[in-house]
Every structure is written in C-alpha cells, then in structure tokens.
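I set out to record the fold of one chain and a few unusual backbone angles. The entries follow the order in which I looked things up.

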Amino acid sequence: MSETVDVSRGLPAHPERATLEGKNKFVGFWVFLSGEVTMFATFFGTYLGLRNGTAGGPEAADLFHMPLVFIMTMILLTSSLTSVIAITAMKKNQFKKMKLWMWITFFLGVAFLGFEIYEFVEYVHYGLGFSTSAFASSFYSLVGLHGAHVVFGLGWVLLLLIRYNRAGITLTNAPKFYMFSLYWHFIDVVWVFIFTVVYLMGIGGG
Amino acid sequence: MSSTQRRKDRIIVDDPWDGRALEWATHTPVPEYNFAQVPQVRSLDPLFYEKIHGDGKMKPTEPLGDIHMPNGSFLPFMIALGSFIAGFGLIMKHMDAWINPYFVVVLGLLVMFGSMAVRSWKEDHGYHITKENVEAMEREALADERNR
Amino acid sequence: MADHLSEPFKKSAMTNEEIMKTQREMRIQFIAFAFMIALTFLAFIAVGAEVAPPGFVISFIIFLAFIQLFLQLYYFMHLKDKDHGWANTFMVSGLVLSIPTIVALILIIGVVKY
C-alpha cells in the first residue's frame, strides 16, 4: 500500500495525480461534479416548468438585457481560459505564473459576481421579489444557486492563494489547485446553460 | 455480562463462517490497516475462488512494506454539524422561536464552511505504520488464531 | 515512501517531449476557447436578429450550448485524456440522469399547471 513518487528529477509531469491522495481527490471530485450536474438539472427543470407562471408580475422578456448577459458570459468564459493557463503553468512548475493567472481568474470571478448582484438588485427594483411569482422564485433559485457556487469558488481560490502564497508548487497543493480549476470550469458549463435556457430563451422564444 | 467476560467470548477466528468474500480473508479483529498486503482478486467471490482453485489464502500483490494511514480528524463531524444547524435554521422560520432563524442559518453556514476551510488549510499527511510494526501485528494475529 | 509532500521543486521533471505536448495542448485549448466565444456570439445573434421562428432558434441555441458543454468537458477539463475512464463514467451517468429529471419536472409542474 506504499505509493512512491519519484521526486529526484523534479516536479512530476502530472503533479495533481502523482500521489495516492491526489488520485483519490481526483476521482472523488468527479463524483461530486456528477452529483452537481443532477442537482442543477432539477433546478433547470423547475425553472423550465414554472417560467410562464408570472402571476401578473414582470415577465422574462421585460426584464432581461442582452448586453449585460453577454458581458457576464464573456467574463466567465475568459476566467475559464485563465484557469486553464494557470493549470498548464502548474504542470510546468512555474509557480509565479500560476499564481498570477489564478489571481486573474479570481478577479474575473469577482467582476462576474458584481454584475450578478447588480442584476438582481435591478430586478427587485422592477418589482420582481423572490416570492412575486413562480417564475421569480424559480429564476432566483436557479441563478442564485449558480451565484452561490461562484461565491464558494472565489472563497476557495482566495484561501488557496493566501495559504500557498510562498509555498511553491508541492505535491499537496497541486491537487487542490487542479480541483479548483475543475470546479471553475464546471461553473462555467452551468452558466452556458443558464444564459441559453434562462436569458436567451426568455428574450427570444415566447 | 461483564466486559472481561465479553473479551473472553470474543470471536477471534479469522473465517468463522467459511465465507466467500474478501472481508473474511483478513484477521478478526480487523487490524487498522485491513490488509498488510493488497490481495490479488481473481473472482467476484475472491476467497471462495482461492478455496477451490488455490490454497485458501489470498495471494499478495505487493511486498510487505510501510503502510500509510490517514490521521483521525474531527473536522468532518463539524462540517456535518454545521450543515445540520443551517438546515435546522431554515425550518425555524415558522417556529416562533426566541432566536432569529437567520442567525441560526448564518451560524451553521459559518461552522460548516469554516471547518471546510480549516480542513483545506491544514496539511494533514497522515502517518506510517512501519514494516516492523506491521510484521509484529501480523505475528500477533496469527498467534491469536493458533491459540483458539 | 517519499515524504516530499510540502516542499516545492526546483525544476520540472517534464521531458522535452512532454513540454511539446503541453504546448500543443495549450494551442488546442486556445482554439477551443475561440470556438466557444464564436458559439456564444452565434447564440446571441440568433436570438437578437429575430429572423427565424422561435421554435427553431430555441433548438439551435440549445444545440450550441451542448457543443460548448462538450468543449469545456473534453478540452478544458481534460476528459479526453487517458486515465479519465471513471471521470467519464461519472459525468456521462450524471448527464444521462439529468435528462429524465428535466423532462419529468417540465411535464409535472409545467405542462400540468401552466
């Protein structure tokens, strides 16, 4: 049951899966992500079922603005790319570069979150409270759940960046950064479906 | 029944029911590392297969060596407790309690995510059982088995 | 047993071949990113232009979303690489489970109620 990592030649090419702990984290995290897929599916299904139940309140087509959603999508897609660059740097043992791109990912995430909060505040001003209608509740639940995931991801990467500010890339923190990048890509995937199903279908498809 | 009597009556035969599956292939009581060497599984009923086709013992897949073990941790319990408190806070909304339910929710979430953060912050590499200790524990278990 | 878990490394153990491979992969990931941006533009234009009937536009943008899902999972999250058998199994079973979930929820609370 002993695992041996050859460290004499330097950082292994796949530091995130070099140790047994890393391998276990890798498999476990994919189990978690597939569970998340199913959870988001229930929220999407609820939204799709209830999106016409506006109960006289504001409707999707009155509320959503394409430019704002477009900017948010671009920000999140770009942050997905920056985390990919960070992970590639991690594999090459370029710690400074990885840290820089992770910070960029973090700030893009903060920008996205800021837009999302601005958006929600705006909708409340238009008279779309959480319990205004079935549409409002399911909309806020779905997009708010995604926002909560973004908040969690930002807290996560901030913790990692502070904790390992000077540590360099080790066999312990490489899996952690890698799992964060998987999580971040997953959030991006969910957002792709949210902007398609919620925003674009709300604006363009009656 | 006194605890000393229980100790005497404890079943320490490795395979009392002539079992088929892997759990009967290790010692009873089970050592903390389960198997000193990872057994080679050749069938869905590995122990039964070895009893029919082999000598009734699992073949090892690796030489005997140090065994890496995780440290015990209190944090998973704290994560579960925090999630329970937060969930309880959410159903407290209609309970007319003396405390604001949102306070309970926030407290629970703090405990839950705080424990997760602590778990991430601490580097817990576990410990090793040395080869000598494993050998000693294996000998003891075999002696127990023979004394029955 | 290596107890080299918390110390950084001075150099990378990558061979030249592996570095080349990583760089090639990076290039592919940039192309995938360009594709994703293009698909996003296409989806927004398809809705914004209002030339096609809504039924067609909806199926078209959902199709685009699935292409993006594929690009993210296989190129950004490395599902196409080797040693990802279990990851693939979990993700595919998650997606397979999602489809009846969504259909059932639309039918039960959507079609029946509204």
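Entry 1, terms. I take helices as DSSP runs of H or I with at least four residues, strands as runs of E with at least two, and I number them from the N terminus. I also note at the outset that this is a predicted model.

Entry 2, elements of chain C. I counted three helices and zero strands in chain C. Read from the N terminus, the order in chain C is α-α-α.

Entry 3, dimensions of chain C. I asked what radius of gyration chain C has. The value is 21 Å, whereas a compact globule of 114 residues would have one near 13 Å. Along the principal axes, the C-alpha atoms of chain C fill a box of roughly 65 × 35 × 25 Å.

Entry 4, burial, contacts and surface. I found that 36% of the 114 residues in chain C are buried. I then took the contacts in chain C between residues at least 6 apart in sequence, and 52% of these join residues at least 24 apart. The accessible surface of chain C is about 6900 Å², and carbon and sulfur atoms account for 72% of that surface. I looked up the charges as well: chain C has 8 positive and 8 negative ones, and their mean positions lie 3 Å apart.

Entry 5, helix α1 of chain C. This helix covers residues 16–49, which is 34 residues. From first C-alpha to last I read 49 Å, close to the 50 Å expected at 1.5 Å a residue. After α1(C) comes E50(C), with a positive phi near 55°.

Entry 6, positive phi elsewhere. For reference, most residues other than glycine have a negative phi. In chain C, I noted D83(C), which is not a glycine and has a positive phi near 65°. D83(C) sits in the loop between α2 (54–76) and α3 (85–111) of chain C. In chain A, N93(A) is likewise not a glycine and has a positive phi of about 65°. N93(A) belongs to the loop between α3 (66–91) and α4 (95–125) of chain A.

Entry 7, buried or exposed? I checked N93(A) and D83(C) in turn. N93(A) counts as buried because its relative accessibility is 14%, and the cut-off for buried is under 20%. D83(C) is exposed, with a relative accessible area of 58%, the cut-off for exposed being over 50%.

Entry 8, a cis peptide. Most peptide bonds are trans. The bond from T28(B) to P29(B) is cis, with omega near -10°. I located P29(B) in the loop between α1 (3–9) and α2 (46–53) of chain B.

Methods
Residues are numbered from 1 along each chain as its sequence is written. Chains are lettered from A and ligands numbered from 1 in the order in which they are written. This is a predicted model: local features need pLDDT of at least 70, side-chain atom pairs count only at pLDDT 80 or more; totals for chains, interfaces and linings use all residues. Side-chain values use heavy atoms; hydrogens and water are left out. The radius of gyration is taken over C-alpha atoms; the globule rule is 2.2 Å times the number of residues to the power 0.38. Buried means under 20% relative accessible area, exposed over 50%, partly exposed in between (1.4 Å probe, protein chains only). Contact means heavy atoms within 4.5 Å. Accessible areas come from the Shrake-Rupley method with a 1.4 Å probe; for residues, only the protein chains shown count as cover. Lys and Arg count as positive and Asp and Glu as negative; His and the chain ends are not counted. The place of a charge is taken as NZ of Lys, CZ of Arg, CG of Asp or CD of Glu. The expected span of a helix is 1.5 Å times one less than its number of residues.
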